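Please open the structure in a viewer and keep the selection panel at hand. The tour below proceeds selection by selection.

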Number of protein chains: 2
Amino acid sequence: MLFFPPKEKRKEKCLCLQTRADGPTPSPAAAPDRLPFSRITPEDLSFFRTILPGRAITDPDLLESSNVDWLKSVKGSSEVLLRPQTTEEVSQILKYCNSRNLAVNPQGGNTGLVGGSVPVYDEIVLSTALMNNILTFDSISGILTCQAGCVLENLSLYLEERDYIMPLDLGAKGSCHIGGNVATNAGGLRLLRYGSLHGTVLGLEVVLADGRVLDCLATLRKDNTGYDLKQLFIGSEGTLGIITAVSVLCPRKPKSVNVVFLGCETFEQLLKTFQLSRGMLGEILSAFEFLDSECMRLLNTHLKLLNPISDCPFYVVIETSGSDPTHDGEKLHNFLEEAMTSSLVTDGTVATEDSKIKGLWSMRERVTEALTHEGFTYKYDISLPVERIYQLVTDMREHLQDRAKSVVGYGHVGDGNLHLNITSPAKDPALLAAIEPFVYEWTARYNGSISAEHGLGLKKRNYIYYSKASQAVSLMGNIKAMLDPKGILNPYKTLPDNLK
Amino acid sequence: MLFFPPKEKRKEKCLCLQTRADGPTPSPAAAPDRLPFSRITPEDLSFFRTILPGRAITDPDLLESSNVDWLKSVKGSSEVLLRPQTTEEVSQILKYCNSRNLAVNPQGGNTGLVGGSVPVYDEIVLSTALMNNILTFDSISGILTCQAGCVLENLSLYLEERDYIMPLDLGAKGSCHIGGNVATNAGGLRLLRYGSLHGTVLGLEVVLADGRVLDCLATLRKDNTGYDLKQLFIGSEGTLGIITAVSVLCPRKPKSVNVVFLGCETFEQLLKTFQLSRGMLGEILSAFEFLDSECMRLLNTHLKLLNPISDCPFYVVIETSGSDPTHDGEKLHNFLEEAMTSSLVTDGTVATEDSKIKGLWSMRERVTEALTHEGFTYKYDISLPVERIYQLVTDMREHLQDRAKSVVGYGHVGDGNLHLNITSPAKDPALLAAIEPFVYEWTARYNGSISAEHGLGLKKRNYIYYSKASQAVSLMGNIKAMLDPKGILNPYKTLPDNLK
């Protein structure tokens, strides 16, 4: 079913494995034809080798992993991987590429789910992996400044030793880079408590397409001197500039963390449990996540994870973080008592120790991994008014009947963010045609977002109009043209093909 | 001392009262010459009267207050005040003005402190005062959508009845409009707890200079579909578009609020008290504000407010907001005991009742008002690493010696935001010359911001380079040129005159 071009042409083709599979009519997600960028010459390689001695990689084996995304759904054919260590090097690379009209694919931890982090054709891969230094940390204000290639988990460990935490946490933390997190406006598990990166990122250093370095690396909580330019780059998926350094406001490490894992009979009861938790846990509530029984089945089957409570249609992971273990314990106790008494939850377990906390969290965090064992997965990351989020799963099941292997729902209740995943033994164009545009039209009907936190990348770019007005998309195009007139930065991503 | 042009020319002149007074050499803050915008004709007035029946005001008496800012430091000479009620009317106005090359001054509550909210010459004043409808409120998510002209305090009252609060609060709440708050990225008293508007504003509707309506009025916590365009308008001071509607994420109304007013012997002790409060009050800390003894003297003298505790060099207002009165009371008690035992604070009083809470808050909130009775005040709104903020006051006192009547410091310790105010019996060019550029150079030396939350407006626009790199300012100019090519929106504001 895969679209494989003739061998001699492969270098020019995007093996967009998922999106090329949906039949003779090209899907809106399919990659457009290669744009007329220059092709890399021996002179180009020679230049890169001079400025990046030993760090301009052309060995096909070493390039392999940079060309394929984590889901193995998109495969590019880049012939060179550049690994700069400094902002100055990034600047030199982009200045050169812009003058030579060479396309560039910025790459962090390559953990994205929408094909945004890999080349589509032969774009040069510019990896931030060697830009992994912490620059400053102010233990009074909790403001961290670091290079873009720092791995999120490493930053978390560094901060925890200093009594702080990162304001974001996500399943991919062991691989994802903070620069990539910012470029994709990653959400994750702590957004409910600490808000989005638009609020917690205080400063950015960005290299623009022509090599100019834009220094907005402030370390102040407040700064109203002109337009807040850094905001433009948060969530722009590397299409407007390459983030080389980040400053971020970090919360204090909580003195007390509790995690509870609960079971609910209906989604309505789950929502009532959420409302109750907001009232009774208040300021110590730091996460409210859910998974359905289908997710639990996959965790059991593929990862041998055992359900810590009795079987239920819905499961909830609630985390509290606070400054007083006694107070937090009391709030949690009162909340659980009320939830049980009101029959909102049918079973549950509480963890206060690190290892058990990690165990409960893994029930939620490893759903994505469990899904990879299912064959093929069609993934959707939808934002909706919270009372609607599970209705989409139910409606999709009814709509697809037995065409899908399974239709599972999990996600961030607190943020109104559903991860809808539909699996089949292998890629199935007929199934895809049944899912899309149904899922997008359903979402648009309720004023939802067709990409809550994953971004648009290659795969979702053409669906942007389901969530954004055409005036807005048109203005995005103007901004792209202003900052990257030759379009060399992460082409074929984020913006739709039919930009007016 | 004021610069008064010949009478017949007055309509063309900016009576920039503060900034024209600093001697024969024009201050960088002085208004530049009037730009070659069209002048309003009877045909223009006729058009406005047709689309805004009874709401195109030309009576000079009614125009008076729209032409002068709250500080009475800038006076324009606009001849028409437009009061649209709908987005469509704003769109028609801007489309017309853009085609006619007529300059427009968007105006909310006109409470700004940097001359950004009043015309400089004869710009048309477009007031949002009649756009004051609440559009929707979702009591599950706490997301409010309203027109731009809603007064902040009215929104607060509306929400409090529904068990929510606005995520921002400031002294001008009785007059300021939410649209103006967003346009100036207002900070205020709750930023420490709920973060900046870049995080809490979920959506905006904006009318662009040419009348196009940009609908980014999402009501979702997460939406990563393309660039986050609304961010551009937050803090752009009406120079990129006119905000007509806002959606904002509102926190739950706390069940328990406490305010303490404390005295400290030194600023170092005050900082230690701040650190202690962050550790011991943790997630319930919602404000940490300070004022010095000079502020207290002005409150006594001009507003007859009595010091609620014994005289001290420094005073602190701490607010806690939480979900459990007993827990909050215990945390506060433990904190106060520790602060007293460690001799960090010398005296203090606690309020839990609304009227006493308001009384204690007024000691902090009414400093600005007390200052207006001092004669003339030079105002600075500086962001710095928190451990530096009072050093600027001390250094300024030493630098000015007896040239100033008083040099006072107050502000938001939690945000590293100092309000430095220097008073004199009347405007004093020699004093101003002693203050500036000293204050800006001092701030730049410590990587501070020369406008933490007030914005740049007319008065501070030319000092932008003290806080922003020239590449960044240049990019701001590009964005302005892209969105408002004729420059009709709030001219002479925010961007410097010598934009490269």
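At the start of H11(A), which backbone nitrogen does a side-chain oxygen of Asp324(A) reach? In this predicted model, the partner is the backbone nitrogen of Thr326(A), with the oxygen to within 3.0 Å.

Next, select residues 325–341 of chain A, which form helix H11. The helix has 17 residues and spans 24 Å between its first and last C-alpha atoms, close to the 24 Å expected at 1.5 Å a residue.

Within H11(A), display the side chains of His327(A), Asp328(A), Lys331(A), Leu332(A), Phe335(A), Leu336(A) and Ala339(A), which are buried. Viewed down the axis of H11(A), its buried residues fall within an arc of 160 degrees, so they line one face of the helix. An α-helix has 3.6 residues a turn, so residues three or four places apart point the same way. On the face turned away from the buried side, Thr326(A) and Thr341(A) are exposed.

Now add the packing partners of these buried residues: in chain A, strand E10 (256–264), helix H9 (267–280), strand E12 (314–322) and strand E13 (347–351), together with helix H11 (325–341) of chain B. Just after H11(A), select Ser343(A), which takes a positive phi of about 60 degrees.

Move then to the largest nonpolar core, of 186 residues, in which Ile422(A) and Ile422(B) touch the most other members. Among the residues that Ile422(A) touches are Phe376(A), Tyr378(A), Met396(A), Leu431(A) and Ile435(A).

Finally, select residues 74–253 of chain A, which an unreviewed UniProt entry annotates as "domain: FAD-binding PCMH-type". The end C-alpha atoms of this span lie 38 Å apart, and the span is 23% helix and 22% strand.

Key. Residues are numbered from 1 along each chain as its sequence is written. Chains are lettered from A and ligands numbered from 1 in the order in which they are written. This is a predicted model: local features need pLDDT of at least 70, side-chain atom pairs count only at pLDDT 80 or more; totals for chains, interfaces and linings use all residues. Side-chain values use heavy atoms; hydrogens and water are left out. Helices (H or I, at least four residues) and strands (E, at least two) are DSSP runs, numbered from the N terminus. The expected span of a helix is 1.5 Å times one less than its number of residues. Buried means under 20% relative accessible area, exposed over 50%, partly exposed in between (1.4 Å probe, protein chains only). The arc is that of the directions from the helix axis to the C-beta atoms. Contact means heavy atoms within 4.5 Å. A polar contact is a pair of N or O atoms within 3.5 Å; within protein, one must be able to donate a hydrogen and the other to accept it, and residues adjacent in sequence count only if both atoms are side-chain atoms. A nonpolar core is a set of buried Ala, Val, Leu, Ile, Met, Phe, Trp, Tyr and Cys residues joined through side-chain atoms within 4.5 Å. UniProt positions are given in the numbering used here, feature names are shortened, and annotations may be inferred rather than shown by experiment.
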